[in-house]
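Visitor: Could you take me slowly through the pockets of this protein, beginning with the largest pocket and what lines it?

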Amino acid sequence: KIAVDAKMILDIIRSMEPGTVTFTENDNKTVTVSGGSSEYILPYMDADTFPERPTVEGCDYFNIDQKLLHSVIRQTIFAVSQSDVKGIYTGAFFNIHDGLLEVVCTDSFRFAMRTEKYECDKTCTFLVQGRVLNELIKIMKNEEGNVRIGLTSRHIVFEFENTRMVSRLVDGTYIFILHKS
């Protein structure tokens, strides 16, 4: 068992030709990733020094159309703050209520909001890190099907096809004022 940088390995695998990918552990704390005519050597950590996967027992799940979720994220994520100084504005605010899905992002200079009809028996609000959503739309195909979303008080789970992505929710109260003229 080893742990490698997820972003790096995803970028490498995306750039490779379709086919078999082989991982070979080397003696010097590196792993060779090869496939087709490509070969990469990456550093790794021992798996037992890697943080434990969060437990997400007791999730409250609901489904959302994959195309809708992909589109909503893609059209709002540009306004998420890239600076950790802005705390909660590094996340996208989701508000599900009264047959609507609202997603709001702002970095206090730009503002993006998308509202869609969405029939769901849940009423909930949650705040997801922008960088998590950026990775989610890279992995998620803009195709037919559902994404199963699970919420606990501290985590969110995205499940679709053979993928399960778990992330910590942003802690805090998301405040925005919308002026109507």
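Guide: Before we look, a word on terms: helices, of at least four residues, and strands, of at least two, are DSSP runs that are numbered from the N terminus. Please also keep in mind that this is a predicted model.

With those names in hand, we can turn to the largest pocket, which holds about 730 Å³ of space. Its lining is made up of 15 residues, and those that lie nearest the centre of the pocket are Val4, Ala6, Phe50, Arg164 and Val166. If you ask which elements supply at least two residues each to this lining, they are α1 (6-15), α3 (130-139) and β13 (163-168), and the largest share, four residues, comes from α1. Sorted by class, the lining of the largest pocket has ten nonpolar and five charged residues, while polar residues are absent from it.

The second largest pocket, with a volume of about 200 Å³, is lined by Gln129, Arg131, Val132, Glu135, Met165, Val166, Ser167 and Arg168. Here the elements giving two or more residues to the lining are α3 and β13, and it is β13 that provides the largest share, with four residues. By class, the lining of this second pocket divides into three nonpolar, two polar and three charged residues.

When you return to the model, you might look for Val166, which is listed among the residues nearest the centre of the largest pocket and also among those lining the second largest pocket.

Technical notes. Residues numbered from 1 in each chain as written. Predicted model: local features only at pLDDT ≥ 70, side-chain atom pairs only at ≥ 80, totals over all residues. Heavy atoms only, no water. 1 Å grid on protein atoms, 1.4 Å probe; cavity = no way out; pocket = protein on both sides within 12 Å on 5 of 7 lines; lining within 4 Å. Points joined across faces, edges and corners; volume = space filled by probe spheres on them. Nonpolar A, V, L, I, M, F, W, Y, C, P; charged D, E, K, R; others polar.
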